[in-house]
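Subject: Structure for you to look at

Hello,

Here is the structure I promised to send over. Please open it and keep it beside you while you read my notes.

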Amino acid sequence: MNVFITGVSSGFGKAIAEKFIAEGHTVVGTARRVQRLNELKASLGDRFIPYELDVIDEANTKRVIIDVMNTLGNIDVVINNAGISMGTEKAQDAILSEWHTAIDTNIKGVVNVTHSILPYLIEQGFGLIINMGSTAGNYAYAGGNVYGGSKAFLKQFSINLRVDLHGTGVRVTNIEPGLVGGTEFSVIRYKGDAEKANSLYATTDPLMPDDISETVYWIATLPKHVNINSIEMMPVTQSPAGLQVHSIS
């Protein structure tokens, strides 16, 4: 298979790339950090094809996808993994520019990649789009605001894609992980405070990037008549929280 992954430089993206290449597939990995891409190329070898790409950049996204299709001929799996969450403040205390960054990456980035690659997938008559959602798109929590909203968008966007792509042979899945350790996600969200980020996982047994990569690989290698619409994942140590009740006394 030929697999196209955004946000490949760390976390889920890196683990997914490693899994597919270990199983003998070709991975086109995109990210903004060139040094990380070079490190992955040195580690993963010739079946890893790196591209510097910020998915917010519509023109460059189209250029990269055209080049990939001209080089490889087809893409079997597209994994919209690039995403970000900045800050944990409640909406009334949030920084607007950080909201814009999350919207641009988590929504516009996915839209840019999907819109650019869909004509090729439809023409070839097969393909799988995997969007990396989150349980934050299903369950609200304090400080989730725009991040949760962006992941709720992915959930609805994915199922609407399924409707529009009916009869084309192109499949769509939204993966919705809960608490996951071993990534840079929380460090970025806590603005570089690694100690605070790590404390979130200290007394838990979270999912890890390899758990996500195994799930992605399982979905990607199912028979082509099978579509997993969505799959929600949590560690055993996490469950949906109860509703908050504010005391007025």
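Is Glu 23 buried, partly exposed or exposed? Glu 23 counts as partly exposed, because its relative accessibility is 40%. Keep that residue in mind, as it returns below. One caution before we go on: this is a predicted model.

**The whole chain**

Start with the overall build. The protein chain has 8 helices and 7 strands. Its radius of gyration is 18 Å, close to the 18 Å that the globule rule gives for 249 residues, so the chain is as compact as a globular protein of that length. Along the principal axes, the C-alpha atoms fill a box of roughly 65 × 40 × 35 Å.

Next, burial. Of the 249 residues, 46% count as buried. The accessible surface comes to about 12400 Å². Carbon and sulfur atoms account for 53% of that surface.

Then look at who touches whom. Take the contacts between residues at least 6 apart in sequence. Of these, 70% join residues at least 24 apart.

**The cores**

In soluble globular proteins, nonpolar side chains tend to be buried together. Here the largest nonpolar core has 30 residues. Phe 20, Ile 79 and Val 216 touch the most other members. Several elements supply at least two residues each to this core. They are β1 (2-6), α1 (11-22), β2 (26-31), α2 (34-44), β4 (77-80), β5 (127-132) and α8 (209-220).

Zoom in on Val 216. Leave out residues up to four places away in sequence. Val 216 then touches Ile 16, Phe 20, Ile 79, Ile 130, Met 132 and Ile 175.

There is also a second, separate core, with 21 residues. Among them are Leu 53, Ile 65, Met 69 and Val 113.

**Helix α2**

Which residues of α2 are buried? They are Leu 37, Leu 40 and Leu 44. Seen down the axis of α2, these buried residues fall within an arc of 60°, so they line one face of the helix. They pack against α1, β2 and β3 (48-52). On the other side of α2, Gln 35 and Ala 42 are exposed. After α2 comes Gly 45, whose phi is positive, near 90°.

**Salt bridges**

Side chains of opposite charge can pair when their charged atoms come close. How many salt bridges does the structure hold? The structure holds 6. Three of them are worth a look.

- Glu 23 pairs with Lys 19, and their closest N and O atoms are 3.1 Å apart. Glu 23 is partly exposed, whereas Lys 19 counts as buried at 15% relative accessibility.
- Lys 62 pairs with Glu 58 at 3.4 Å, N to O. The two are separated by about one helical turn, because they sit 4 residues apart in helix α3 (residues 58-72). Lys 62 is partly exposed at 36%, and Glu 58 is partly exposed at 44%.
- Lys 108 pairs with Asp 104 at 3.4 Å, N to O. Lys 108 is partly exposed at 45%, and Asp 104 is partly exposed at 21%. These partners lie 4 residues apart in helix α4 (residues 96-124), so about one helical turn separates them. Elsewhere, salt bridges that share partners join Lys 19, Glu 23 and Glu 214 into one network.

**Two residues to click on**

First, try Thr 173. Thr 173 lies in strand β6 (residues 170-177). Why does Thr 173 count as buried? The reason is its relative accessible area of 0%, because buried means under 20%. Leave aside its neighbours within four places in sequence. Thr 173 is then in contact with Leu 128, Ile 129, Ile 130, Asn 131, Ile 219, Ile 228 and Asn 229.

Then try Ser 116, in helix α4. Ser 116 is buried too, with a relative accessible area of 11%. Not counting residues up to four places away in sequence, Ser 116 touches Thr 61, Lys 62 and Ile 65. You met Lys 62 above, in its salt bridge with Glu 58. Ile 65 belongs to the second core. Now compare Ser 116 with Val 64. They are 52 residues apart along the chain, and their C-alpha atoms are separated by 9.6 Å.

Best wishes

How values were computed:
Residues numbered from 1 in each chain as written. Predicted model: local features only at pLDDT ≥ 70, side-chain atom pairs only at ≥ 80, totals over all residues. Heavy atoms only, no water. Core = buried A, V, L, I, M, F, W, Y, C linked by side-chain atoms within 4.5 Å. Buried < 20%, exposed > 50% of the residue type's maximum accessible area, 1.4 Å probe, protein only. Contact = heavy atoms within 4.5 Å. Salt bridge = Lys/Arg side-chain N within 4 Å of Asp/Glu carboxyl O. Arc of directions from axis to C-beta. Rg over C-alpha atoms; globule rule 2.2 N^0.38 Å. Areas by Shrake-Rupley, 256 points an atom, 1.4 Å probe, with all protein chains shown as cover.
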